[in-house]
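Here is a friendly walk through two parts of a protein model. Please keep the viewer open as you read.

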Amino acid sequence: MKQSILFLAFSVVLLSCKNEMRQPERELKKVSEIQTDFAEGFSIQDHKGYKTLTITNPWPGAEKEFTYALVEKGTVVEFQSQFDAIVEVPLKSIVVTSTTHIPSLEALGVSDKLVGFPNLDYISSEKTRNRIDNAEITELGKNESINAEVLIDLSPSAVVTFAVEGDNKTVATIERTGIPVLYNADWTETTPLGKAEWIKFFGVLFNKEATADSIFNHIKTEYIAARKIAQNAKETPTVLSGAMYKDVWYLPQGDSWAARFIQDANANYLWSDTKGTGSISLHIESVLEKGQKADYWIGPGQFTSLSQMKEHSKVYAQFEAFQQNNVFSFTTKKGATGGVVYYELAPNRPDLVLKDMIKIFHPELLQDYELYFFSKLD
């Protein structure tokens with residue numbers, strides 16, 4: 001789940017009418033579509049004189065789409081009521097609401113356009129933290145109660161947010177300001193490269209489509225090459241994941257983003273046969289029966305040491321991965337104010353996550369590689 005949630009939604013910014021009430025005046029003529037290879041939650045079309053950005057899956061189970069017209073300064077777009085927002089590009093300033101958006105801005109060279117963020121402590125990037133320390137990025141409050149007055153004073157060119165459902169309550173003030181609000185649904189993607197491809201969402205907002213394509217193509221190439229290397233492994237180790245919270249063990253479902261990394265690293269995730277893309281909750285007896293002899297344990301919650309795990313519950317010490325010191329976590333590497341680097345950067349750099357997994361499961365295949373996100377717990 002994302003570290004920072006801003007419960008904002010919006011209607012058509014210029015006309016203040018609800019999306020579900022819009023009546024299409026005329027079918028837009030699509031000139032060409034900018035290709036997306038893995039992402040399923042957005043599409044970009046290049047029309048004559050402007051582009052459209054459509055969010056096809058703004059939140060799980062959504063029954064409507066959102067389409068934004070991206071126009072150059074001075075461009076007049078016909079049929080404006082067909083859009084949920086008219087956005088002038090390239091953006092001169094931006095507010096984002098998830099730490100996963102930060103790496104895209106930095107990679108595209110536009111992080112200096114970021115002017116506000118809710119709960120700045122979550123940000124781990126050293127580069128963006130330097131801007132925070134220099135008072136160049138404004139604190140917008142807590143996740144559930146963004147400071148609308150401060151946001152209005154910033155008057156960003158656009159606000160990029162996300163939603164876990166469609167019924168949001170804090171939008172009316174934002175709608176009346178005329179500030180465009182766009183949904184980013186990178187978190188709903190279930191494949192590693194699908195999440196990473198959302199850099200193209202930000203690329204089109206800053207007229208940096210070619211740069212975004214180049215960055216993503218590099219990540220894709222590295223990921224596919226690493227996956228191919230993993231197939232040379234002589235053994236397929238078994239993998240356990242997750243940890244207990246209030247006596248319930250939570251671990252990734254078999255179709256999830258996290259499970260896909262284990263599969264692509266040529267390891268056997270013991271719950272790969274479960275259906276779903278989120279997490280599954282189990283009794284400890286069930287996990288112990290199936291995972292006690294697992295070779296590796298990946299992502300044991302927020303624990304940072306084996307002694308801490310054992311202190312929390314002696315049952316952890318019954319797992320062979322624990323006994324063999326084969327427990328690896330991504331929560332030990334944090335930014336200056338406690339933000340977990342993995343939560344912020346991993347969706348943007350799946351190639352590094354996969355290489356970490358391969359190094360853990362098959363160290364002989366990547367002898368000169370050093371773990372980037374994960375650490376072995378002592």
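What follows looks at one sheet and then at one pair of helices.

**The sheet**

This is a predicted model. In it, 3 strands make up an open sheet whose order is β14-β15-β17, with antiparallel pairing. The edges are taken by β14 (243-245) and β17 (279-282); each has a single partner strand, so one side of each is left without a neighbour in the sheet. Direction ignored, neighbouring strands here are turned by 40° against each other on average.

If you would like to follow one pairing, try β14 with β15 (residues 248-252): the two run in the antiparallel sense and share 3 bridges. Which residue in β15 is the bridge partner of Ala-243? That partner is Tyr-250.

**The helix pair**

Now turn to helix α8 (residues 257-264) and helix α13 (residues 350-361), whose axes come within 9 Å of each other and cross at roughly 55°. Oblique is the class for angles that are neither under 35 degrees, over 145, nor 65 to 115, and α8 and α13 are therefore oblique to each other. The crossing in which α8 passes α13 is right-handed.

The residues that meet are set out below, helix by helix.

| Helix | Residues in the contact |
|---|---|
| α8 | Phe-261, Ile-262, Asp-264 |
| α13 | Pro-350, Val-353, Leu-354, Met-357, Phe-361 |

By character, the residues of this contact between α8 and α13 comprise 7 nonpolar and 1 charged, with no polar ones. The charged one is Asp-264, which belongs to α8.

Methods. Residues numbered from 1 in each chain as written. Predicted model: local features only at pLDDT ≥ 70, side-chain atom pairs only at ≥ 80, totals over all residues. Heavy atoms only, no water. Pairing = 2+ DSSP bridges. Helix = DSSP H or I, 4+ residues; strand = E, 2+ residues; numbered from the N terminus. Axes fitted to C-alpha atoms, helices over the stretch in contact; angles between N-to-C directions. Left-handed = near helix turned anticlockwise from the far one by under 90°. Contact = heavy atoms within 4.5 Å.
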